[in-house]
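The following exercises ask the reader to examine a structure and to reason from what is seen. Each task is followed by a solution in steps.

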Amino acid sequence: MKTIQIFDPALCCSTGVCGVDVDPRLVQFSADVDWAKQQGAIIERFNLSQQPLVFAENAIVRGYLERSGQEALPLVLLNDEVALAGRYPNRNELARWLGVAIEVDAPKSGCCSGSKCC
Amino acid sequence: MRFIEHPPHFLFFTGKGGVGKTSIACATAVKLAGQGHRVLLVSTDPASNVGQVFGIDIGNRITPIPAVPNLSALEIDPQAAAQAYRDRIVGPVRGLLPDTVVRGIEEQLSGACTTEIAAFDEFTALLVESSLTAGYEHIIFDTAPTGHTIRLLQLPGAWSGFLEAGKGDASCLGPLAGLEKQRSQYKAAVDALADPQKTRLILVARAQQATLREVARTHEELAAVGLTRQYLIINGVLPAEEAAQDALAKAIFDREQRAIATIPPALAPLPCDILALKPFNLVGLDALGCLFETVAANTTETPATPNPDAPSLATLVDGIAADGHGLVMLMGKGGVGKTTIAAAIAVELAHRGLPVHLTTSDPAAHLAETLNGSVDTLTVSRIDPRIETERYREQVLRTKGAQLDAQGRALLEEDLRSPCTEEIAVFQAFSRIIREAGRKFVVMDTAPTGHTLLLLDATGAYHREIARQMGSKGVHFTTPMMQLQDPKQTKVVITTLAESTPVLEAANLQNDLRRAGIEPWAWVINNSVAAARPASPLLRQRASNEQVEINAVASRHASRFAVVPMLKEEPIGVSRLLELTRIPEVSRE
């Protein structure tokens, strides 16, 4: 079983409502998290302003915060190893980590996206 | 006194700072204890003077009052409670995480919501049956939780998995994250509040139209969450015989009687008591004993006609005018008269021929209408907080809410009812106008708190990073926060009343702004009876009480300040607004 842990930056009271604007990437990511859970993944999210102890107790996360600061969040761990840093994963990345296929998006061929060569 | 008849187990007093909740709560406690009931008095007033009232130190533990058999008291300092609450979350990581990270987390937990939740957390234990409360027949609170807090605690989505598991997807629980008691205890507490057999809510107001309107909103909001057993007290009403003493007293008397006669329909069915303005301070048992009685005005020695040696608003405007342009933001608790002072400053500037844009969020709107086009260089615009907040809510629910399940959506909707939401929505609307302040004067009757500014600036930090990178290419770039922090561009004027709780609340606002790197430029003390130089003995007594607070502002809080006199008429229209900017000469009638 794959465990994905997401260390969110300090979001204020809720979802960033009290911030300036609702970040559409966060919205998309919430939906992707729901999808991944349906695929059987264990996904945990931690908010810096609410569960700072989790950040402090994890050596990888603590080291990352010390080197790069909280502006460099989010940090994504896959089975306790860094999988992605500085942005939220998209659905393709989640699928790759979980080893599942995505049925909706047709897989793109790697050779030459956009041109007519293949 | 109807509110004190057949009292239930819990009595909550609620109302704006300075309406006299604590004094009335104390007097109620003394009265019930005098009838042989065992009473616990709980104060969560940040300016609690319960100890002073009874002449002993109380503090954050249940303390018997020696002079009053059957009475014990407890003072909960909401600021200290919030600090303890922050420490519970932040303490374990201090030294482990980088300092900047720790400071950021602390800011997230420094808002008004956190303070309220923390205070609620403290007195939750008093709302449930326990050995702590078993000995008391009546527990009297001098404040009540807001509808927002109660609704938040009633939502199942606010709890599921969060307290128990310590992690949740919703991340909607900022202010709730540090709650340490069991969920069942909060549920019991909220249930007790909503039980009309157990709980009576007493709304305390002054006889002013705006205050009564606000109390009507509180009434409806709390009734909707189950606190249906409500009473109303209109406190500090000027007695009829005093009206004969001078023109100002007559004008106040007429205005108050008019406000009582035209009470909002929502409040009309509530059992109502009217308490007369007293000529003495409500400190000490004798004074408390008289609160519910009618007392002749001349029982105490009457001070001389006040002669406060205080600067007028016009002298403050001199300093604003000197810079030629800029943003002036009025800041203060609701009901202190920010809109009026903003209008007076704007009119005074325009009167001097300077270009001014006054922008107001005044719900009454009449002020903006009467001023528009009245002075050549003055333009007036209005932002409707209700419309702006609704627009913002809809936008968030459309984008963010679409992805959430029913519980998550309920939680998001409640978050959007928090006071911060309105503040942000209104500020976003205002910020469109702020840009004009480079060319003319822009006067705003509202401002976000330092806490909100810091949160908004969390994204500003990103802008600053861009600015730093652009800086090397010589491109000029400022964030809104940088504009607000620069005293040349922005002057924050704190507005308050010459009473102890409003002054303390204003000092808290000032500290909050300082945290955001904004130094308030001046304080304005509005509606001063002292500055109006009354002849009536009762008003002279009030004026001498005011003098203590005016001195405190002058010596402790403000680098510059002005005092605005209470007028006989409502300050509507250009000539009366100009009248506010001057302090009348002493005249003996």
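The exercises below concern a predicted model.

**Exercise 1.** Describe how helix α13 and helix α14 of chain B pack against each other.

*Solution.*
Step 1. Two packed helices are described by the angle between their axes and the distance between the axes.
Step 2. Helix α13 of chain B covers residues 313–321, and helix α14 of chain B covers residues 338–351. The angle between them is about 65°, and their axes are 10 Å apart.
Step 3. The crossing in which α13(B) passes α14(B) is right-handed.
Step 4. On the side of α13(B), the contact is formed by B:L313, B:A314, B:V317, B:I320 and B:A321. On the side of α14(B), it is formed by B:A344, B:I345, B:E348 and B:L349.
Step 5. Sorted by character, the residues of this contact comprise eight nonpolar, no polar and one charged.

**Exercise 2.** Locate the largest nonpolar core and examine B:I345 within it.

*Solution.*
Step 1. In soluble globular proteins, nonpolar side chains tend to be buried together.
Step 2. The largest nonpolar core of the model holds 162 residues. B:L41, B:I345 and B:A346 have the most contacts inside this core.
Step 3. The element that gives the most to this core is α14(B), with nine residues.
Step 4. Leaving aside residues up to four places away in sequence, B:I345 touches B:L313, B:V317, B:I320, B:V328 and B:V443.
Step 5. Another core, of 21 residues, lies apart from the largest one; A:I6, A:F7, A:V61 and A:L75 are among its members.

**Exercise 3.** Which strands pair with strand β12 of chain B in the parallel sense?

*Solution.*
Step 1. Strand β12 of chain B spans residues 441–444, and both of its faces are covered. B:F441 and B:V443 are buried on one side, and B:V442 and B:M444 are buried on the other.
Step 2. Strand β9 of chain B, residues 326–331, runs parallel to β12(B) and is joined to it by four bridges. Here B:V328 has B:V443 as its bridge partner.
Step 3. Strand β10 of chain B, residues 356–360, also pairs with β12(B) in the parallel sense, over four bridges. In this pairing, the bridge partner of B:L358 is B:V443.

**Exercise 4.** Why is strand β4 of chain B described as largely enclosed, and how does it pair with strand β2 and strand β3?

*Solution.*
Step 1. Strand β4 of chain B comprises residues 71–75, and because five of the five residues are buried, the strand is largely enclosed by the rest of the structure.
Step 2. B:L71, B:A73 and B:E75 cover one side of the strand, while B:S72 and B:L74 lie on the other.
Step 3. Strand β2 of chain B, residues 39–43, pairs with β4(B) in the parallel sense over five bridges. Within this pair, B:V39 stands opposite B:L71.
Step 4. Strand β3 of chain B, residues 63–64, pairs with β4(B) in the antiparallel sense over two bridges. B:P64 stands opposite B:S72.
Step 5. The hairpin of β3(B) and β4(B) has six residues between the strands, and B:N70 takes a positive phi near 80° there.

**Exercise 5.** Summarise the build of chain A: how many helices and strands does it contain?

*Solution.*
Step 1. Chain A contains four helices and four strands.
Step 2. Read from the N terminus, the order of its elements is β-α-β-α-α-β-β-α.
Step 3. Of the 118 residues in chain A, 35% are buried.

Note on methods
Residues are numbered from 1 along each chain as its sequence is written. Chains are lettered from A and ligands numbered from 1 in the order in which they are written. This is a predicted model: local features need pLDDT of at least 70, side-chain atom pairs count only at pLDDT 80 or more; totals for chains, interfaces and linings use all residues. Axes are lines fitted to C-alpha atoms, for helices over the stretch in contact, and angles run from 0 to 180 degrees between N-to-C directions. A crossing is left-handed if the near helix is turned anticlockwise from the far one by less than a right angle, and right-handed if clockwise. Two residues are in contact if their C-beta atoms, placed from the backbone, lie within 7 Å. Ala, Val, Leu, Ile, Met, Phe, Trp, Tyr, Cys and Pro count as nonpolar, Asp, Glu, Lys and Arg as charged, and the others, Gly among them, as polar. A nonpolar core is a set of buried Ala, Val, Leu, Ile, Met, Phe, Trp, Tyr and Cys residues joined through C-beta atoms within 7 Å. A residue is buried if 20 or more other C-beta atoms lie within 10 Å of its own, exposed if 12 or fewer, and partly exposed in between; C-beta atoms are placed from the backbone. Two strands pair if DSSP finds at least two bridges between them.
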